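Take a moment with the sequence and the model before reading on. The tour starts at the ligand and ends in the core.

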Amino acid sequence: MSAASGALGRLVISRLRTRAEVVAVVRDPARAPEGVAVRRGDYDDPASLRAAFDGVDRLLLIASPELDTARRIKQHLAAVSAAEEAGVGAVVFTSFLGAGTVATGLTEAYHATEQAILAGGRPYTLLRHPFYSDAFVPQVSGGEITSSTGGRGLNTAFRSDLAEAAANVLTGEGHLGRAYDFTGPLWTYPEVAQAIGVTYREVPDAGPGPMSWLSAQVRAGALEQQSPDLARVLGRPAKTVAAHLLDQRKLGAQG
Ligand SMILES: NC(=O)c1ccc[n+]([C@@H]2O[C@H](COP(=O)([O-])OP(=O)(O)OC[C@H]3O[C@@H](n4cnc5c(N)ncnc54)[C@H](OP(=O)(O)O)[C@@H]3O)[C@@H](O)[C@H]2O)c1
């Protein structure tokens, strides 16, 4: 598993540890998760990736957090080439919703990577992620939740569920040659407010920035795509944001 020291990688490892022999590939071994074999593999250093992927049966290629698209594509293509040269049994890539068809903007690097994986001819599974719910959990302030989402739906999913799905794909059968569109159950901020018994207030955008861009996407309905793939791979529904908040409140009440 590459980029194994990140938030998603650590969650996948926690779910895989007892089910498979895991190798954590990290750019800085000092940051490696504990309790698994570690190899150094840096997306900016193709030779390190080639050595790190040696003998790997199923590689989970976790997308790079690099913001510069050209550099990110170079990193991903280096990883795909290294996987081919090392002869890994299968490449499982954490892609993004829409990357199968949209070659520009947010999905440009994901699209280029998917195309390289398909062209490479090795067995693969594409896990097209939605935005992570973790970044969208609303704060309750003064007894209310606010947002600029116009009450439209979000198909986000928690990293923990996406990690469990990745672990199921890596250890299960019947996933090769498939592209999964992972979406969480559709939710809205007003519904979440109602579920936890607080009021909802629509507010104007905070001004230029990534969250304003995202809110505009939500208001335009861009996050309302639904697919059964995540629930199928999990064997259960993915966790909702309302359930997450209610769990947090229960824990708070106990603590
Ligand atoms: N769907 C979404 O909403 C969403 C949100 C955020 C990110 N993402 C994508 O999903 C990926 C996983 O998310 P996350 O939450 O686990 O991100 P994260 O916690 O930021 O972890 C990023 C990982 O990438 C590693 N990395 C950075 N540069 C590298 C390089 N040159 N070579 C090898 N590894 C490198 C980091 O290593 P260090 O520990 O050494 O820094 C870390 O392990 C992200 O990288 C990003 O592509 C998706």
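What follows covers the ligand shell, one backbone angle and the nonpolar cores.

This is a predicted model. Begin at the ligand. It is surrounded by 20 residues. G6, L8, Y43, A63 and P65 are the closest of them. Which helix supplies the largest share of this shell? Helix α1, spanning residues 7-16, does, with three residues. By character, the shell splits into nine nonpolar, six polar and five charged residues.

Now step back along the chain to A3. This residue sits in the segment before α1. Its phi is positive, at about 50°, yet A3 is not a glycine. Is A3 buried or exposed? A3 counts as buried because 23 other C-beta atoms lie within 10 Å, and the cut-off for burial is 20 or more.

Next comes the interior. The largest nonpolar core holds 59 residues. Within this core, V12, A24, V91, V92 and A166 touch the most other members. Helix α5, residues 159-171, gives the most to this core: seven residues.

Look at A24 in detail. Leaving aside residues up to four places away in sequence, A24 touches M1, A4, I13, A32, P33, V36, A37 and V38.

One more piece stands apart. A second core, separate from the largest one, has nine residues. Among them are F136, I145, A193 and L223.

Technical notes: Residues numbered from 1 in each chain as written. Predicted model: local features only at pLDDT ≥ 70, side-chain atom pairs only at ≥ 80, totals over all residues. Near = placed C-beta within 6 Å. Helix = DSSP H or I, 4+ residues; strand = E, 2+ residues; numbered from the N terminus. Nonpolar A, V, L, I, M, F, W, Y, C, P; charged D, E, K, R; others polar. Buried ≥ 20, exposed ≤ 12 C-beta atoms within 10 Å, placed from the backbone. Core = buried A, V, L, I, M, F, W, Y, C linked by C-beta atoms within 7 Å. Contact = placed C-beta atoms within 7 Å.
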